[in-house]
Amino acid sequence: MIVLNHEQGSEDWLAARCGVITASRFSDARKKLAKASGDRKAGEPHGDAVRYAWLVAIETIAGQPLDDSFVTYAMRRGRDLEPQARAVYEKRTGAWVDEVSLVLTDDRRFGYSADGFRDDDGLIEVKCPLSAEKIGQVWASPETAHLEYIDQINGGLWITGRKYCDLIVYCPWLAPVGKDLFVKRIHRDEAAIEALESDLIGFMRLVDDNLSILRAPAKMSGAAKEPAAAVSA
């Protein structure tokens, strides 16, 4: 395990993630077709997985990030609120959180942008949704609030080896009713992590297949060859 402390969103952080299969995209990486489509069979990689595999392969060759340069308002808001969310969480739980930027597997093929290590064996994952509907659903159905992020959370537990993750959903708009901070603890599930790891290894092979295609010697197509000399009448 390799732990880095570049500021999230910084050039160093983006560079460190380049060509890395990241936990925020694990759900895309493991997607499979639920049913046959055209000439593709059920169980083959979903279009989202195919597109992501090409992205990772090209990033690996280019040595620069290809999809993280544009920061939306929602992304910027989330990053701005994260330190506040962490401070509120620490105050109300009494926990001490160590800030961590990026955790990589030893081979640097997989990575998790951690929002913090709690104590000796925990993680925190902070979300600051902009959507009022999404915020409302967290409080309306707290038992399922983690499902949207479960692959990312299990991925973080897999890469770090930690025992649990506290999902934090922070919304200062709800402070007047005491619901600005939602916390749900997700304990390590070895069976779920094993299934995730298996799918991710399969995705890594897809990336490697793409790398083989891209690194193979180029073959000139007929259309690209020198045009034949004109024949005079």
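The paragraphs below lead through a predicted model of a single chain, beginning with its overall make-up and then turning to one helix and the strands around it.

The chain contains seven helices and nine strands. Of its 233 residues, 39% are buried, and the chain exposes about 13200 Å², of which carbon and sulfur atoms supply 53%. When contacts with a separation of 6 or more are considered, 66% of them are between residues 24 or more positions apart.

A useful place to start is helix α6, which spans residues 150-160. Ten of its eleven residues are buried, so the helix is largely enclosed by the rest of the structure. The buried residues are Asp151, Gln152, Ile153, Asn154, Gly155, Gly156, Leu157, Trp158, Ile159 and Thr160. Just after α6 comes Gly161, whose phi is positive, near 75 degrees.

What encloses this helix can be followed in part through its neighbours, and one of them is helix α7, residues 190-215. In general, two packed helices are described by the angle between their axes and the distance between the axes. For α6 and α7 the angle is about 95 degrees, and the axes are 10 Å apart. Because angles of 65 to 115 degrees count as roughly perpendicular, α6 is roughly perpendicular to α7. On the α6 side of this packing, the residues involved are Asp151, Asn154, Gly155, Leu157 and Trp158, and they meet Ala192, Ile193, Leu196, Glu197 and Leu200 of α7. The residues of this contact divide into six nonpolar, two polar and two charged.

Helix α6 also lies across strands β4 and β5, running at about 110 degrees to β5. These two strands belong to an open sheet of four strands, arranged in the order β1-β4-β5-β2 with mixed pairing. At the edges of that sheet are β1 (2-4) and β2 (21-22), each of which pairs on one side only. Strands β4 (residues 102-104) and β5 (residues 110-112) run antiparallel and are joined by two bridges, with Leu104 standing opposite Gly111 in β5.

Another set of paired strands centres on β7, residues 122-127, a strand that is mostly covered, with six of its six residues buried. In a regular strand the side chains alternate between the two faces of the sheet. In β7 both faces are covered, since Gly122, Ile124 and Val126 on one side and Leu123, Glu125 and Lys127 on the other are all buried. Strand β7 pairs with β6 (residues 117-118) in the antiparallel sense over two bridges, and the bridge partner of Phe117 in β7 is Leu123. Three residues lie between β6 and β7, which form a hairpin, and Asp119 in the turn has a positive phi of about 50 degrees. With strand β8 (residues 164-170), by contrast, β7 runs parallel, and six bridges join the two; here Ile124 has Asp166 in β8 as its bridge partner.

The loop that leads from α5 (132-140) to α6 holds a last residue to look at, His146. Is His146 buried or exposed? Its relative accessible area is 14%, and since buried means under 20%, His146 is buried. Leaving aside neighbours within four places in sequence, His146 is in contact with Leu167, Lys184 and Ile186.

Notes. Residues are numbered from 1 along each chain as its sequence is written. This is a predicted model: local features need pLDDT of at least 70, side-chain atom pairs count only at pLDDT 80 or more; totals for chains, interfaces and linings use all residues. Side-chain values use heavy atoms; hydrogens and water are left out. Buried means under 20% relative accessible area, exposed over 50%, partly exposed in between (1.4 Å probe, protein chains only). Two strands pair if DSSP finds at least two bridges between them. Contact means heavy atoms within 4.5 Å. Axes are lines fitted to C-alpha atoms, for helices over the stretch in contact, and angles run from 0 to 180 degrees between N-to-C directions. Angles under 35 degrees count as roughly parallel, over 145 as roughly antiparallel, 65 to 115 as roughly perpendicular and the rest as oblique. Ala, Val, Leu, Ile, Met, Phe, Trp, Tyr, Cys and Pro count as nonpolar, Asp, Glu, Lys and Arg as charged, and the others, Gly among them, as polar. Accessible areas come from the Shrake-Rupley method with a 1.4 Å probe; for residues, only the protein chains shown count as cover.
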